[in-house]
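Visitor: Could you walk me through this one? I have not looked at it before.

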Amino acid sequence: MMTNKEKSLPLLSTQSGFTLIEVMIVVAIVAVLAAIAFPSYQRYVIKTKRVDMMSEMQNIATQIESRKLAQGTYSNNLITGLGGNFPRQGPALYTISFTPNPLTSEWRIIATPNPNSQMANDGILSLNYQNNKCRGSVCGTGTAWNE
């Protein structure tokens, strides 16, 4: 049987969980962090896609010179199957073209960003027979494509 003293003690109930204010503060902090991180991530993605295109242009240049050695002369046969859209699978980011036409020993590979792609404002990339690289109006043989 319960004594009067035991009957007068309130039952202790423990509640656990977060208040609405605490949850809203956490959501606000996550939103601020996402707002800061997302633009950096987008710049990183664009730079990665540009580097992929640069690498592809180097591969195309190597194929042109290899085909020239096998064929003995420069002609448009050297660039058969090398132009067109890049990447070959998925949405096209760049269109690859060559100058002059017909191809000579002073060839140039040009990658033009597709206007409806993520790369639209990234600038035209080019690579010539002397390994002179240009991005927009900035040219050189070193890190001209970077940044």
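Guide: Let us begin with a pairing in this predicted model: strand 4 and strand 5 (residues 133–135) pair in the antiparallel sense, over 3 bridges.

Visitor: What links strand 4 and strand 5 along the chain, and how many residues lie between them?

Guide: The two strands form a hairpin with 4 residues between them, and Asn131, which sits in the turn, has a positive phi of about 65°. Within the paired part, Leu125 stands opposite Arg135 in strand 5.

Visitor: And strand 3, how does that run against strand 4?

Guide: Strand 3 and strand 4 run antiparallel and are joined by 4 bridges. As one example of a partner, Ile110 is bridged to Ser126 in strand 4.

Visitor: Which way do the residues of strand 4 point?

Guide: Leu125 and Leu127 point one way from strand 4, while Ser126 and Asn128 point the other way, and all of them are buried. In general, the side chains of a regular strand alternate between the two faces of the sheet.

Visitor: Okay, zooming out: how many strands are in the sheet, and in what order?

Guide: The sheet is an open one made of 6 strands in the order 1-2-3-4-5-6, and the pairing is antiparallel. Its edge strands are strand 1 and strand 6 (138–140), each of which pairs on one side only. From one strand to the next, the twist averages 20°.

Visitor: What about strand 1, how many bridges join that to strand 2?

Guide: Strand 1 and strand 2 are joined by 3 bridges and run antiparallel, with Asn85 standing opposite Thr95 in strand 2.

Visitor: Which strands does helix 2 lie across?

Guide: Helix 2 lies across strand 1, strand 2, strand 3, strand 4 and strand 5, and it runs at about 25° to strand 4.

Visitor: Where do the residues of the largest nonpolar core come from?

Guide: The largest nonpolar core has 21 residues, and those with the most contacts inside it are Met53, Ile64, Tyr94, Phe98 and Ile109. The elements that give two or more residues to this core are helix 2 (20–71), strand 2 (94–99), strand 3 and strand 4, and the largest share, 6 residues, comes from helix 2.

Visitor: Back to Asn128 for a second: why does that polar residue count as buried?

Guide: Asn128, which is in strand 4, counts as buried because its relative accessible area is 15%, and the cut-off for buried is under 20%. A polar atom of the Asn128 side chain lies 3.0 Å from the backbone nitrogen of Gln130, and a polar atom of that side chain also lies 2.9 Å from the backbone nitrogen of Asn132. Not counting residues up to four places away in sequence, Asn128 touches Trp107 and Arg108.

Visitor: Where is Asp122, and is that residue buried or exposed?

Guide: Asp122 is found in the loop between strand 3 (108–113) and strand 4 (125–128), and at 9% relative accessibility it counts as buried. The side chain of Asp122 is joined to that of Arg50 by a polar contact of 2.8 Å. Leaving out residues up to four places away in sequence, Asp122 touches Ile46, Arg50, Tyr94 and Arg135.

Visitor: Where does Leu93 sit, and what is it in contact with?

Guide: Leu93 has its place in the loop between strand 1 (84–86) and strand 2, and it counts as buried at 11% relative accessibility. Leaving aside neighbours within four places in sequence, the residues in contact with Leu93 include Lys49, Phe86, Thr112, Pro113 and Met119. Leu93 and Pro113 are 20 residues apart in sequence, yet their C-alpha atoms are 5.8 Å apart in space.

Visitor: New topic: how many disulfides does a search of the whole structure find?

Guide: The search finds 1 disulfide, which joins Cys134 to Cys139 with an S to S distance of 2.0 Å.

Visitor: Why is that disulfide right-handed?

Guide: The torsion about the S-S bond of Cys134 and Cys139 is about 115°, so the disulfide is right-handed.

Visitor: And are the two cysteines buried or exposed?

Guide: Cys134 is buried, with a relative accessible area of 10%, whereas Cys139 is partly exposed, with a relative accessible area of 43%.

Methods
Residues numbered from 1 in each chain as written. Predicted model: local features only at pLDDT ≥ 70, side-chain atom pairs only at ≥ 80, totals over all residues. Heavy atoms only, no water. Disulfide = S-S within 2.5 Å. Buried < 20%, exposed > 50% of the residue type's maximum accessible area, 1.4 Å probe, protein only. Polar contact = N/O pair within 3.5 Å; in protein donor to acceptor, adjacent residues only side chain to side chain. Contact = heavy atoms within 4.5 Å. Core = buried A, V, L, I, M, F, W, Y, C linked by side-chain atoms within 4.5 Å. Pairing = 2+ DSSP bridges. Axes fitted to C-alpha atoms, helices over the stretch in contact; angles between N-to-C directions.
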